[in-house]
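Subject: Structure for your review

Hello,

Here is the structure I said I would pass on. My notes on it follow below.

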Amino acid sequence: MTATILIADDDAIQRRLLEQMLRRFGYATELVDGGEAALARLSATDQPRIDCLILDLVMPDLDGMGVLGKLRERRTQLPVIVQTSPNSVESAISAM
């Protein structure tokens, strides 16, 4: 069974680039454009399971740190890969 990766990023170009790369490696992908949409998709019980989340930290509605906080509150056990454009040691440490 193919793993499904959810890509949460407000930048449509970045979402598509990641989607193309992941599909070349044989993964199924789903795309959402923000943090609230990512949480809604992860909560959907009538959809296939998400095996990993690629999460942008900087998004307008609910940012990546907010999503990580909600996942922690829910005790969600899901691998998350965090990405962001600002190169900041502080952001990386906070995300971990």
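Met21, Phe25 and Tyr27 together make a nonpolar surface patch of about 330 Å². Please keep in mind that this is a predicted model. Of the three patch residues, I looked further at tyrosine 27, which sits in the loop between helix 1 and strand 2. Tyrosine 27 counts as partly exposed because its relative accessibility is 37%, and the range for that class runs from 20% to 50%.

Next, the salt bridges. The structure has four of them, and I describe three here, starting with helix 1.

Arginine 16 is bridged to glutamate 19, with 2.8 Å between the closest N and O atoms. These two residues are both in helix 1 (residues 12–24), three residues apart, or about one turn of the helix. Glutamate 19 also meets arginine 23 in a salt bridge, at 3.3 Å from N to O. Here the spacing is four residues, again within helix 1 and about one turn of the helix. Arg16, Glu19 and Arg23 are thus linked in a network of salt bridges.

How exposed or buried are the members of this network? Glutamate 19 has a relative accessible area of 11% and is therefore buried, the limit for that class being under 20%. Arginine 16 is partly exposed, at 47% relative accessibility. Arginine 23 is also partly exposed, with a relative accessible area of 49%.

The other salt bridge I want to mention joins the side chains of arginine 41 and glutamate 30, with an N to O distance of 2.6 Å. This pair links distant parts of the chain, since arginine 41 belongs to helix 2 (residues 35–43) and glutamate 30 to strand 2 (residues 28–32), 11 residues apart. Arginine 41 is buried, at a relative accessible area of 10%, whereas glutamate 30 is partly exposed, at 22%.

The last topic is strand 3. Why is strand 3 (residues 52–56) described as largely enclosed by the rest of the structure? The reason is that five of its five residues are buried. In a regular strand, side chains alternate between the two faces of the sheet. For strand 3, both faces are covered. One side carries Cys52, Ile54 and Asp56, the other Leu53 and Leu55, and all of these are buried.

Strand 3 has pairing partners as follows:

- Strand 1 (residues 4–8) pairs with strand 3 in the parallel sense, over four bridges. In this pairing, alanine 8 stands opposite leucine 55 of strand 3.
- Strand 4 (residues 80–83) pairs with strand 3, also in the parallel sense and over four bridges. Aspartate 56 has glutamine 83 in strand 4 as its bridge partner.

Strand 3 and strand 4 also belong to a right-handed β-α-β unit, in which the helix is helix 3 (residues 64–73).

If you go through the model yourself, these are places to begin: the patch made by Met21, Phe25 and Tyr27, the network of Arg16, Glu19 and Arg23, and the buried residues of strand 3.

Regards

Conventions. Residues are numbered from 1 along each chain as its sequence is written. This is a predicted model: local features need pLDDT of at least 70, side-chain atom pairs count only at pLDDT 80 or more; totals for chains, interfaces and linings use all residues. Side-chain values use heavy atoms; hydrogens and water are left out. A salt bridge is a side-chain nitrogen of Lys or Arg within 4 Å of a carboxyl oxygen of Asp or Glu. Buried means under 20% relative accessible area, exposed over 50%, partly exposed in between (1.4 Å probe, protein chains only). Patches are made of residues with over 30% relative accessible area and no salt bridge: like charges are joined within 9 Å, nonpolar side chains (Val, Leu, Ile, Met, Phe, Trp, Tyr) within 5 Å. Accessible areas come from the Shrake-Rupley method with a 1.4 Å probe; for residues, only the protein chains shown count as cover. Two strands pair if DSSP finds at least two bridges between them. A crossover is right-handed if, with the strands pointing away from the viewer, the path from the first strand over the helix to the second runs clockwise.
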